[in-house]
Amino acid sequence: MPKRLASITGIQGYVPDYILTNKELEKMVDTNDEWITTRTGIKERHILKEPGKAASDMGKIMVEKLLEKTKTNPDDIELVICCTVTGDMVFPDTANTICYKTGIKNAFGFDINAACSGFLFGLTTGAKFIESGTYKKVIVVGLDVMSSIIDYTDRATCIIFGDGGGAVLLEPDESGNGIIDSVFHGDGSGREFLHMKAGGSLKPPSHETIDRKEHYVYQDGKPVFKAAIKGMVESIKEVMKRNGLTKEDINWLVPHQANIRIIDGVAEMLDFDKEKVMVNIHKYGNTTSGTLPLCLWEWEPKLKKGDKLFLTSFGGGFTWGTTYLKWAY
Ligand code: COA
């Protein structure tokens, strides 16, 4: 009998209504639609504009719809993990706020901050609680409100990021489908290339940090770009090798959506059929912890039970890795 795995038994995505187009960005910074489209693949991104709304409000919408869709009683949820770098507050965590707002009373929750790899790290962490037999129903949320930490006068970053994400329900599966393997890596020396300078214990907020615009995303794009392709390709190869798979065995490659040239680079280096690569960056930009669940949500109608998916990510930290799962429904 196959061992007990954790499988995704439902997914719900969400993006806020407001759409920030490349044309609108042209009026805000010195950029143009042609540059953004050819250099990143992004045409538009969704932005959370409603005053007073934050990460947990997006999480509430996703989780409520997920519970409804999977006909799950909130009382049965035992753990909620929220993967985000833009939680409502520095503390407490956003997972517990989502539980509070959705009437999930019998769960404990915590956040995972692994930038663009957050959702993958959270998915595998949640899966372990199911594989071990500890829990039967775990929710993993991956979302970000990147607009809350973006400087809309900095053309190097404001064109890239958007808001949104998704939530999945994990349940035990003994039919061989579910989360099978993950390879994850980290390299703290990468933090110099992608970070927020102030607001943490290193540089608590002050007038000076505000004046120096240190509460926004700082990115040196080129080193991140190169490391992202290498990290994703190598971790995909590692997972393929460990599981005795070739590219022909894989039905879908689900890459973190950071730049279409990164996605194409990864697909080309692995000689992957582009038809099998999920891409929606043109509509949402980089939603950090939100890109992978947003892809799964959009492709859900096309996925078939037993499909082999490779989810791969690279992000600030640096953090990166690949998860292999077999779709369960
Ligand atoms: N509009 C127009 N021109 C722009 C621009 C914009 N929004 N942003 C930068 N430029 C200019 C630069 O000033 C530079 O001009 P110069 O040659 O006169 O100096 C030129 O375009 C090239 O800039 P560069 O930064 O070298 O572009 P790039 O090809 O590296 O693309 C990124 C920039 C950020 C899109 C790219 O590096 C990237 O995607 N990096 C990885 C992002 C990522 O993965 N981030 C999250 C981690 S998951």
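## Helices over the sheet

Helix H3, covering residues 55-69, lies across strands S1, S6 and S7 and runs at about 145 degrees to S6. Keep in mind as you click around that this is a predicted model. H3 has company on those strands: helix H11 (residues 291-299) also lies across S1, S6 and S7, and it runs at about 90 degrees to S1.

The sheet underneath is an open one with five strands, and its order reads S1-S7-S6-S4-S5, with mixed pairing. At the edges stand S1 (5-14) and S5 (108-112), and each has a single partner strand, so one side of each is left without a neighbour in the sheet. On average, neighbouring strands here are turned by 20 degrees against each other, direction ignored. Zooming in on one pair, S6 (residues 138-145) and S7 (residues 163-173) are antiparallel and share eight bridges. If you want a spot to check the register, take Val-140, whose bridge partner in S7 is Val-168.

## The H8 and H9 pair

Helix H8 (residues 221-242) packs against helix H9 (residues 260-269) at an angle of about 35 degrees, and the two axes are 9 Å apart. The crossing of H8 past H9 is right-handed.

Which residues of H8 and H9 meet? On the H8 side they are Phe-225, Ala-228, Ile-229, Met-232, Val-233 and Ile-236, and on the H9 side Arg-261, Ile-262, Gly-265, Val-266 and Met-269. Sorted by class, that contact comes to nine nonpolar, one polar and one charged residues.

## Strand S13 and its partners

S13 (residues 319-326) has seven of its eight residues buried, so the strand is largely enclosed by the rest of the structure. Strand S8 (residues 178-186) pairs with S13 in the antiparallel sense over eight bridges, and Ile-179 has Leu-325 in S13 as its bridge partner. S12 also runs antiparallel to S13, joined to it by eight bridges. One of the residue pairs to look up there is Gly-315, which is bridged to Thr-319 in S13.

Gly-321 is a handy residue to centre the view on. It is found in S13 and is buried, with a relative accessible area of 0%. What does Gly-321 touch, leaving aside its neighbours within four places in sequence? The contacts are Leu-120, Val-183, Phe-184, Ser-235, Leu-311, Thr-312 and Ser-313. There is also a long-range approach here: Gly-321 and Ser-117 are 204 residues apart in sequence, yet their C-alpha atoms are 7.4 Å apart in space.

## Backbone oddities

Some background for this part: most residues other than glycine have a negative phi, and most peptide bonds are trans. Against that, the bond from Phe-91 to Pro-92 is cis, with omega near 0 degrees. Pro-92 sits in the loop between strand S4 (79-83) and helix H4 (94-102). The peptide bond from Gly-317 to Phe-318 is cis too, with omega near -10 degrees, and Phe-318 is in the loop between S12 (308-315) and S13. That S12 and S13 hairpin has three residues between the strands, and Gly-317 takes a positive phi near 145 degrees in it.

Then there are the non-glycine residues with positive phi. Ala-115 has a phi near 50 degrees and is found in the loop between S5 and helix H5 (118-131). With 13% relative accessibility, Ala-115 counts as buried. Thr-288, likewise not a glycine, has a positive phi of about 55 degrees. Its loop is the one between helix H10 (281-284) and H11, and at 3% relative accessibility Thr-288 is buried.

## Cysteines

How many disulfides does the structure hold? The count is zero. Cys-116 is in no disulfide, and the nearest cysteine sulfur to it, that of Cys-83, is 12 Å away. A disulfide here needs two sulfur atoms within 2.5 Å. Cys-116 is buried, with a relative accessible area of 7%.

Cys-295 is in no disulfide either, with the sulfur of Cys-116 as its nearest cysteine sulfur at 13 Å. Cys-295 is also buried, at a relative accessible area of 0%.

Note on methods:
Residues numbered from 1 in each chain as written. Predicted model: local features only at pLDDT ≥ 70, side-chain atom pairs only at ≥ 80, totals over all residues. Heavy atoms only, no water. Pairing = 2+ DSSP bridges. Helix = DSSP H or I, 4+ residues; strand = E, 2+ residues; numbered from the N terminus. Axes fitted to C-alpha atoms, helices over the stretch in contact; angles between N-to-C directions. Contact = heavy atoms within 4.5 Å. Left-handed = near helix turned anticlockwise from the far one by under 90°. Nonpolar A, V, L, I, M, F, W, Y, C, P; charged D, E, K, R; others polar. Buried < 20%, exposed > 50% of the residue type's maximum accessible area, 1.4 Å probe, protein only.
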